Amino acid sequence: MCLSETLIETSRDGFEPSRFRKAVIIMMSGNPRQANERMLTTNEKWKQEIAERAPQLEAVNRELRMEIAKRERAERDLREREELFRVLVEGIKDYAIFILDPKGCVTTWNSGAESIKGYKAEEIIGKHFSLFYGQDDLQRGKPEEQLEAAAAQGCVEDEGWRLRRDGSRFWANVVITALKDEAGRLIGFANIARDKSERKRADEALLLEITNTLVPHLDIRGLLNAISASIRQISHCTRAALALCDPGVDRLTLQVLDPPYGGDLTSSEVILPVKGSPAGLALASRNPQLQQRMEPGSSDPDIIGRWVGQGMKSACWLPLIRPDRVLGTLIVASEREASFTQENMALLGQVANQIALALDNALTFSCVLKLKEKLVGEKLYLEDEIRREHNFEEIVGTSVVLRQVLKQAEVVATTDSTVLIQGETGTGKEMVARAIHRLSSRRESAFVKINCAAIPSGLVESELFGHERGAFTGAIAQKTGRFELADQGTLFLDEVGDIPVELQPKLLRVLQEKEFERLGGTRTMRVNVRLIAATNRDLASLVETGQFRSDLYYRLKVFPILVPPLSERPEDIRLLARYFVLKYSRLLDRHIETVPAESIEALVRHPWPGNVRELENIIERAVILSPGRELYLPLSELETSTEINATRPNTLENADRNYILRSLEEANWVIAGPRGAAARLGLERTTLYSKMHKLGIKRARV
């Protein structure tokens, strides 16, 4: 290769020291003159080559300068944009904007974040964003759940309480967006938070106002008006309705709230099917249903279709749910499309809960009111039955002695004085007591009765005054006594002569002071009770023998009434017989129209030791035995009864004494146990001891 070719190749391929040295060696070798000529030739070729390549080099140089300028402009624009973005982010004080790495640690921090959360950049960068969550959220793992949801869905929005640096709470609306590179790899998260505490407080105040508006209304009509007024306070809600479930029917009753055409609420009621309607879907899923853009035919028929025609653009259906039942749905519509955001849906959900609570209360109250009306009707019916069974109409007779008793009852009824009714068993002492109560000012209050002889002596105190829990063995609960039950009313003590002597002072105290303590209790109870006592025993004789306190006797005997036995009022027997025949004919579905004269005469001749009760029982038996329209009275039974009564002991006490002695002898004077005398007599052991003490029964010593 010649020198010129070597140099040209060197210039063409770029300068290389080894090839340049090779060209110089070639040039210097040989004759100097030839070398000089060669150099001149080479120089001309270089000039020619440079001249030929100059335009190309100029074009390349020009392109390079343009590319450099373009890159400089791009870098300058990028720096300007970055500065603008930094200034923009730093200048937004209402938003906390910061970046998280894939693990959730803070990498950037703007001034809004510092203002809202209280952390400076140097304090928070590098730390995990879970610092902003409360303890409950941390225990549920909420920070990690939100990052996972954002990574999977691309973005997640949430509202809830967050913590500041000083530990105070604020209500935040938070949007977390996943950041990914071109290959789809997660490189971090953008977190934007805004302090919504003021809106939260305003919503809570509105919710409290709505609750206070709804709670007092227990009638359905008033509640519907209150719900309508409450919905109007929510600015974006233009129309509202309730779709209420019909119990046992697969349909909804649509009740329009505050109809726009000014009609009354009742006229706005239509029926909706449950299946296929947004209201039905809300009930089935128990979640709100949204239509952010409504079109005719896309929603519930009738009323919603009319709403669309009136310019409603969006609507939502919120289920009204209580723990034990589903009540219906609240339907709300707006004139704006996509009007129902997450923020106002949260408020509407809370309003729906309060409406459900108020509606549940109103429906429950309505049921209670119906039950109350039913009970009032039943009470009136029962009171009417009681009046028919226990009033002056049943005190049948025209005898002088009976009219005197009734006159005494009328006189004392207008007072609150204690009454002592005396008379033989079966003469109607309780009926006289009830008549006094009905004629008194206490007739609207309770008439409480207790038979002192029918209760074991150990339990009389508990029955009269009540007891506290644990007062004695078996007292597993507190019990209200008869005196408390009869407060403001009348207490009827039947067989008052059988009250144990040890209990009589406490009874005397109640009569005098109108106060007592429950058995086992320390709190003094005050009562206002009118007392009517009755007995078939001679209390004066019991006072003389020490079996009845004299002070209690005189306290009871403020106004004594003696009810005459039937044997002293024979002129009343005919009336009583006919009255009982009519009574039991009606009860036993008989059609007895006549009573034979000989039967009436036999009844009049009978001594009636059992008084009116014995007469009533005999007539009832006669009605049962009478198949036709004439009363059949078994006269032989009357004669047998007369013979038995002729041989009966002189007094009831003698009969009791003989019966108890016979039972004791049969049991070999063993009182307790399954084969003892108490079990034979059907009495408690303590009751038998009390009766033995009263009757003076003692085992003879051998």
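Biologist: Is Phe98 buried or exposed, and why?

Modeller: This is a predicted model, so read every value as computed. Buried means under 20% relative accessible area. Phe98 has a relative accessibility of 1%, so Phe98 counts as buried.

Biologist: Which residue forms an aromatic pair with Phe98, and how do I read the geometry?

Modeller: A pair of aromatic rings is described by the distance of the centres and the angle of the planes. Here the partner is Trp109. The centres are 5.1 Å apart, and the planes meet at 40°. That makes the pair tilted.

Biologist: Where do the two residues sit in the chain?

Modeller: Phe98 is in strand 1, residues 95-100. Trp109 is in the loop between strand 1 and helix 4 (111-117). The two residues are 11 apart in sequence, and the pair links distant parts of the chain.

Biologist: Why does Trp109 count as buried?

Modeller: Its relative accessible area is 9%, so Trp109 is buried.

Biologist: Which residues form one aromatic cluster with Phe98 and Trp109?

Modeller: Tyr119 and Phe132 join them in one cluster. The model has 12 aromatic pairs by the rule used here.

Biologist: On to charged residues. Where is Asp137, and what does it contact?

Modeller: Asp137 lies in helix 6, residues 135-140. Its relative accessible area is 12%, so Asp137 is buried. Setting aside neighbours within four places in sequence, Asp137 contacts Lys142, Pro143, Trp161 and Arg162.

Biologist: What is the nearest side chain of opposite charge to Asp494, and how far away is it?

Modeller: Start with the cut-off: a salt bridge needs a side-chain nitrogen of Lys or Arg within 4 Å of a carboxyl oxygen of Asp or Glu. For Asp494 the nearest side chain of opposite charge is Lys429, 5.5 Å away. Asp494 is buried yet has no salt bridge.

Biologist: Which residues does Asp494 touch?

Modeller: Asp494 is in strand 13, residues 490-494. Not counting residues up to four places away in sequence, Asp494 touches Ile450, Asn451, Cys452 and Ala534.

Biologist: What is the strand order in the open sheet of 5 strands?

Modeller: Read across the sheet: the order is 12-13-16-11-17, with parallel pairing. Strand 12 (447-451) and strand 17 (559-562) are the edges, each pairing on one side only. Neighbouring strands are turned by 20° against each other on average, direction ignored.

Biologist: How many bridges join strand 11 and strand 17?

Modeller: Strand 11, residues 419-422, pairs with strand 17 over 4 bridges, in the parallel sense. Gln422 stands opposite Leu562 in strand 17.

Biologist: Which strands does helix 13 lie across?

Modeller: Helix 13 (residues 400-413) lies across strand 11, strand 16 (530-535) and strand 17. It runs at about 155° to strand 17.

Notes. Residues are numbered from 1 along each chain as its sequence is written. This is a predicted model: local features need pLDDT of at least 70, side-chain atom pairs count only at pLDDT 80 or more; totals for chains, interfaces and linings use all residues. Side-chain values use heavy atoms; hydrogens and water are left out. Two strands pair if DSSP finds at least two bridges between them. Axes are lines fitted to C-alpha atoms, for helices over the stretch in contact, and angles run from 0 to 180 degrees between N-to-C directions. Contact means heavy atoms within 4.5 Å. Buried means under 20% relative accessible area, exposed over 50%, partly exposed in between (1.4 Å probe, protein chains only). Lys and Arg count as positive and Asp and Glu as negative; His and the chain ends are not counted. Rings of Phe, Tyr and Trp (its six-membered ring) pair if their centres lie within 6.5 Å; planes under 30 degrees apart count as stacked, over 60 as edge-to-face and the rest as tilted.
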